[in-house]
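Please open the model in a viewer and keep the sequence at hand. The stops below indicate what to select next and what is to be found there.

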Amino acid sequence: MAIRYPNGKKYTPKRILSENNNVKHKDERFSNRGMTLEEDINETNEYYRSRKIANIHKKPLPLQIVNVHYPKRSAAVVTEAYFKKPSTTDYNGVYKGFYLDFEAKETKNKTSFPFKNFHQHQIDHMKDIVSHGGCSFILMRFAKTEEVFLVKAEDFIPYYEDKTSKRKSLPKTIIEEISYPIAVGYHPRVDYLRVIDRILRLN
C-alpha cells in the first residue's frame, strides 16, 4: 500500500516478518529475535495492559483512503492513501496517573542516530507535551547490537535543535551519557516502565 505524505512523497510500509516465528528454541530468551522495535513495544504494551499495569497504545495514523482493491468479496485491500495531517508520536497512554507520550525509532548505524529519522512536527509535539507536565521520551534501538535506550525529550531536543554544531546525527557516546539503557528481555520484551519509575521517582 502506498501512502502519500502532505508534501507529496510516497511511503510504502515494510512488512517485516520474524524469521523465528515458527521455530522453537531451547532458550526462550532468543525466541523473539528478528522482531522490530515496534513489535517489541506492542508486545510489551499488551503485557502491561493485560496485567493492569498501564494503558498505553500505538496511535492510529490519520489516513485518507483513496483507492481500495477487492480481490475477494469478503476482503478489501487499501492500495493508496494519504496522510490527512502530519502524525505526531507513535505511542501514548497513562501510567500511575501520569500521561506518557513517546516516539520509537531504530537505526542500523552502529555509532550514531541520524536526525533525519525525526521530523520537526514530532519535536514540536514532544515539547508541547513536556510544557503541559506530561512525560515525553524516545525509545532508540541500535538494530545491529540490539541495544535500546530511553532518552527524555527534554534531553534530546537541545541536540536536535542545535544549529551551531551542524550535526546530522547524535553520536552513540552522547546517547549513552543522556539516556537510560533498557535490557531486552523475554516477557515483556522492552520493560521501559521500569525506567519511567526511576525518572518520575515512583518507587
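Begin by selecting Phe115 in this predicted model. Its relative accessible area is 8%, under the 20% limit, so Phe115 is buried. Now add Phe156, which counts as buried because its relative accessibility is 1%.

How are the rings of Phe115 and Phe156 arranged? Their centres are 6.0 Å apart and their planes stand at 65°, so the pair is edge-to-face. Colour the chain by secondary structure at this point: Phe115 lies in the loop between strand 8 (112-114) and helix 2 (120-131), while Phe156 belongs to helix 3 (residues 153-160), so this pair ties together parts that are 41 residues apart in sequence.

Extend the selection to Phe113, Phe118, Phe142, Phe149 and Tyr160; with Phe115 and Phe156, these residues form one aromatic cluster. The count for the model comes to 14 aromatic pairs. Another of them joins Phe113 and Phe118, whose ring centres are 6.2 Å apart with the planes at 45°, so this pair is tilted. Phe113 has 1% relative accessibility and therefore counts as buried. Phe118, at 4%, likewise counts as buried.

**The largest nonpolar core**

Next, select Phe137, Leu150, Tyr192, Leu193 and Ile196. Within the largest nonpolar core, which has 23 residues, these five touch the most other members. Which helices and strands each supply at least two residues of this core? They are helix 1 (37-50), strand 6 (91-95), strand 7 (98-107), strand 9 (135-142), strand 10 (147-152) and helix 5 (193-199). Apart from this core lies another, of 18 residues, among them Phe113, Phe142, Tyr160 and Ile175.

Centre the view on Tyr192 and display its contacts. Leaving out residues up to four places away in sequence, Tyr192 touches Ile41, Thr44, Asn45, Tyr48, Ile56, Phe102, Phe137, Leu139, Leu150 and Ile182.

From there, move to Thr44, which is found in helix 1. Is Thr44 buried or exposed? Thr44 is buried, as its relative accessible area is 0%. Beyond its neighbours within four places in sequence, Thr44 is in contact with Pro188, Arg189, Val190 and Tyr192.

**The cavity**

Arg189 leads to the next stop, since this residue also belongs to the lining of the largest cavity. Select the remaining lining residues: Asp40, Arg141, Glu146, Val148 and Val184. How many of the lining residues are charged, and how many are nonpolar? The lining divides into 4 charged and 2 nonpolar residues, with no polar ones. The volume of this cavity is about 40 Å³, and the count of cavities of 30 Å³ or more comes to 1.

Keep Glu146 selected. Glu146 sits in the loop between strand 9 and strand 10, and at 31% relative accessibility it counts as partly exposed. Draw a distance from its C-alpha to that of Val184: the two residues are 38 positions apart in sequence, and the distance is 8.0 Å in space.

**The whole chain**

Finally, zoom out to the entire protein chain. Its secondary structure comes to 5 helices and 12 strands. The chain has 203 residues, of which 39% count as buried. Among contacts with a separation of 6 or more, 60% are between residues 24 or more positions apart.

Methods. Residues numbered from 1 in each chain as written. Predicted model: local features only at pLDDT ≥ 70, side-chain atom pairs only at ≥ 80, totals over all residues. Heavy atoms only, no water. 1 Å grid on protein atoms, 1.4 Å probe; cavity = no way out; pocket = protein on both sides within 12 Å on 5 of 7 lines; lining within 4 Å. Points joined across faces, edges and corners; volume = space filled by probe spheres on them. Nonpolar A, V, L, I, M, F, W, Y, C, P; charged D, E, K, R; others polar. Core = buried A, V, L, I, M, F, W, Y, C linked by side-chain atoms within 4.5 Å. Buried < 20%, exposed > 50% of the residue type's maximum accessible area, 1.4 Å probe, protein only. Helix = DSSP H or I, 4+ residues; strand = E, 2+ residues; numbered from the N terminus. Contact = heavy atoms within 4.5 Å. Phe/Tyr/Trp six-rings, centres within 6.5 Å; stacked < 30°, edge-to-face > 60°.
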